[in-house]
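Please take a first look at the chain shown here before reading on. The paragraphs after it go through confidence, sheets and helix pairs in turn.

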Amino acid sequence: MKILLVDDNGENREILRLIIEKQGNEVVEAEDGLDGFNKALDHKPDLIISDILMPNMDGFQFLKNIKSDESLKAIPFIFYSAVYMGSKDKELACSLGALAFFEKPKDPEKLWGEIRNTLESAKTKEIDAKKIPFANDETFLSNYSHIVAAKLEEKVKELENEINNRKLGESRQIAQFTLTTILTASATLAEAAPKILETICRGFGWEYGELWRADPDSHCLRLKDIWHEHITELYEFKRLSEPYTFSKGIGLPGRVWESGQPVWITDVVVDSNFPRTAVAQKLGIHGAMAFPITARGEVTGVMGFFARNVRQPDKEVFDIMADIGRRVGAFISRRLAEELLRKSERKHRTLLENLPQKIFHKDKNSVYVSCNKSYARDLNISPDEIAEKTDYDFYPKELADKYRADDKRIMESGQTEELEERYIRDGQEFIVQTVKTPIKDDEGNVSGILGIFWDITERKNMEKTRARLAAIMETTTDFVGTASRDGYLLYINNAGRAMLGIADDEDISNLKISDLHPALTNVLIQEEAISFAIKNGVWSGETAFLGRDGREITVSQVIIAHKNTDGEVEYLSTIGRDISERKRFENQIIYLADRDPLTELFNRRFFKEELERWLVQSRRYGIYGAVLFLDLDNFKYVNDSLGHHVGDKLLKFIGSFLRKRLRNTDTLARLGGDEFAIILPYVTASRAEVIAKQLMEMIECHDFSEEGQPVSITFSTGIALFPAHGNTVEELLTNADLAMYRAKEKGRNLACVYTPDQKSQIESRVLWEKRIRAALKQDQFALYLQPILDLQQNCVVGHEALLRMMDTDGKEISPSNFLEIAERFGLIRDIDRWVVHKAIAIIQNLQHEGKPAYLEVNLSGSSFSDSELLSAINEELSATKIDPNNLTFEITESSLVENMATAQHFITTLKASGCNFALDDFGIGFSSFNYLKYLPVDYLKIDGSFIQNLPNNQVDQHLVKAIVEVARGLRKKTIAEFVGNEETVRLLHEFGVNYAQGYYIGKPRSVSEI
């Protein structure tokens, strides 16, 4: 028997496959309902076993498709799935024609037995492939869709959390490594403290750090050191904090001092035991935490950290800070011990008393003759008491036997030996290194033995620590290296060698720091970075490494100067993280923000900013110039007759042509559509006319053809002078635009300079402005709804809202008559707000009436920077309680080009509220594909130019198929516009397009007609 298994979980399929094949059956596997339906058509199985909750097509839709196909509907179908909606799962399964429903989890052997029994029972019965009535199954399937969406959202959030946690962990790991390096290299706490405070702040996201030391005389904590970000409020917080002292239990430092435990305050402004509350509230300080510095079980100081935002407690940070406190305490203890030892050594004048090692002298019978004070102290005796004693007087017999055997062997061999031994005293393990050498008399006979030994426990522990750090440095993906004070390289880790292209076995001792960086970066490294690090301990910034292949690698680099106890730099270390990809992305976003993606000329936003800069220069220094507004003549004919792809080629050609014929000081931009503009500094009216005519003549004489068909190119050009014709950007562009229209009125392919007699045209536009303002005030706008058809379900699932202005006599006015004026006079945002408000109200009414409430709403590019619109949308969503999933905002490519950064923020914010986004006019020039990498839109609206003649144009058919494949791969849905006949609907369904709209589906109607 051939059995088709359909489940998106590979482990589930593997378990069932083994059991079924064990029974002698053939198994075909599929990952989801869509894959399963195709496999069923190809293999014609004897039985189908399917899960329900799957991507692309769930189990219920899969079953419906199977029962709807004449060649497949007789195949027995069994569900094996978890229950999500109670008994309705099984009820709907049976209503759709399933033979049985088995709940997960179930023992595979028992499951196969039950499936076999079910099949045996079914042999005596006729399987009814017709659908059994089931109430509201579409609503039930919709609920499953929400479950699928929720599951996917959970996966995305888990992935985002995993990435954020990994980045946070790396940052904290680097901070801990840096702290270890600081503690290893610093001679005193005063030297280490500012570096420690800075490292903790940068590694754990704090903005202000302070060190308090316990004063044994005044029994209070005194402020010893501070580090903070270069922020005005933090300088003031430092100044006001310096006079404070804290006793035990008082304030954040006092609480830590008294308890000996870290303390976290979410918001100091509302903390009752924070004496600096007024200061913090005034300066905007909120989050805080502090931890103790412990040495020999006693709190000797407190480190505190603050941030301007409210910070929730973080257990991992608590644990790390407690460990840092212990390490700093150990550092203090170690440095104090070293200082005491140095003082002790200065008191002695003899060689023996100046040596820290323990020294003893035994005769040839291993009887002690003498020892230094260090050795005597170790045995808890005075040096005078050692004479005539043996190891048996001081050590356990087992250990004394070993020492005596060592002595005998060394004296017999006459050779010096170096030994390393471990022993335990007072429950603690120590490691000592001993050198024993035989002593000979004047005749050369061995007369005894001289021994020197010292405790190397700390050195061994340090070696282990260094080994661990070395392992970390070799496994990190960042560049890690060290160099001598004079710049010669000492070490580069594996990641660093790979980054630069240096072989693993290559000797780097002859390389210098200057060999790692390109010339310009070397100036920064040598003259600023290293000097700053030597003075302050650490320098950080963005630099570049130079690979062996000549490639410059942008990195975020930290340089650390390691000093000895005398404060002299012994060596330098550096950490570099490759940020090339991040910088490339940032530069691309910046480039896209200023450029038109089709022609790569400057866009309208940049052009207006550049013109504003020239106007400032004009007002300040009397600079003059001209603005040329160029509009292609009959460009619509090119698009309509030859296609948009030819129009795109023409626009790119014109952009390139104009750019090559202008000065470096001139600014050329594509304002949108077939409109270009040029800023010509330092030209008079007559010169501007000459330049405009030269450009028009050259472009007219230039041959441009497509598939052998010549295309005539002419411009109409309007000229406005600054400052003569306007002191503002809008005034100049308006006047240049008016001059251009005058050129078109005179017969096209002409250049016209603005004159005051064009005022009547301005007045006409002002009149339209007043009409628009009146329409907004008197609610003379209306939304007409055009239906959207679900091509798979063959039913209307929603509408697109189309804007109309109503004249006083009730006549409709198309948006093409007033939207451009609204944009020019800054009224488009008010229209957008009206449209969104009206659309939400329509959705609310449709939901109440039980009608399809899904609505698509068009927005202008100005909306992206309208923070008030964002707030208004979220407030209305909350007030009306509509399902945000029913609201989809349509945005166009041209609006994205000039507002990429704000568009990303706008889309992300509203998607977080549950709304959807559609990219309108998709596919024109194919530049839209570039934005799919950066914008999380849900729908792609295929431009109508690909749809209108779809049954008769194979190129359009291939393009539509390609768009569908791209959308499917990115998990986005497609909507076809301008659908005009039944054959187009059939082809769209065949190609996998999800939705369609157009006059064949339904013309726009008023809301009351829906």
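Which residue in the turn of the hairpin formed by β15 and β16 has a positive phi? The residue is G444, whose phi is about 85°, and five residues lie between the two strands of this hairpin. Strand β15 (residues 428-440) and strand β16 (residues 446-455) run antiparallel and are joined by nine bridges, with Q433 standing opposite W454 in β16. Helices (H or I, at least four residues) and strands (E, at least two) are DSSP runs, numbered from the N terminus, and two strands pair if DSSP finds at least two bridges between them.

This is a predicted model, in which local features need pLDDT of at least 70, side-chain atom pairs count only at pLDDT 80 or more, and totals for chains, interfaces and linings use all residues. Residues are numbered from 1 along each chain as its sequence is written, and side-chain values use heavy atoms, with hydrogens and water left out. The mean pLDDT (the predictor's confidence in each residue, from 0 to 100) is 85 for the protein, and 90% of its residues reach 70 or more. Among the elements, helix α6 (residues 137-185) has the lowest mean pLDDT, 59, while strand β37 (residues 995-996) has the highest, 96. Over residues 126-135 pLDDT stays under 50, and the model has 14 contacts (heavy atoms within 4.5 Å) beyond four places in sequence for this stretch. Where pLDDT is low, the predicted coordinates should not be read in detail.

One open sheet has six strands in the order β8-β7-β6-β11-β10-β9, with antiparallel pairing, and its edge strands, β8 (245-246) and β9 (263-265), each pair on one side only. Within this sheet, strand β6 (residues 208-215) and strand β7 (residues 220-228) pair over eight bridges in the antiparallel sense, and Y208 stands opposite H228 in β7. Helix α7 (residues 189-204) lies across β6, β7, β10 (288-295) and β11 (298-306), and runs at about 60° to β7; axes are lines fitted to C-alpha atoms, for helices over the stretch in contact, and angles run from 0 to 180 degrees between N-to-C directions.

Another open sheet is formed by five strands in the order β18-β17-β21-β20-β19, again with antiparallel pairing. Here β18 (489-492) and β19 (538-546) stand at the edges with a single partner strand each, so one side of each is left without a neighbour in the sheet. Neighbouring strands of this sheet are turned by 25° against each other on average, direction ignored. Helix α18 (residues 580-594) packs on the sheet, where it touches β19, β20 (552-563) and β21 (569-578), and its direction makes about 130° with that of β20.

Turning to the helix pairs, helix α2 (residues 33-43) and helix α3 (residues 59-68) pack at an angle of about 25°, with their axes 9 Å apart. That makes α2 roughly parallel to α3, a term for angles under 35 degrees, whereas those over 145 count as roughly antiparallel, 65 to 115 as roughly perpendicular and the rest as oblique. The contact is made by G33, G36, F37 and A40 of α2 together with F62, N65 and I66 of α3.

The axes of helix α30 (residues 954-969) and helix α31 (residues 982-991) come within 10 Å and cross at roughly 40°, which makes α30 oblique to α31. Their contact is made by Q957, V960, K961, V964 and R968 of α30 and by L987, L988 and F991 of α31.
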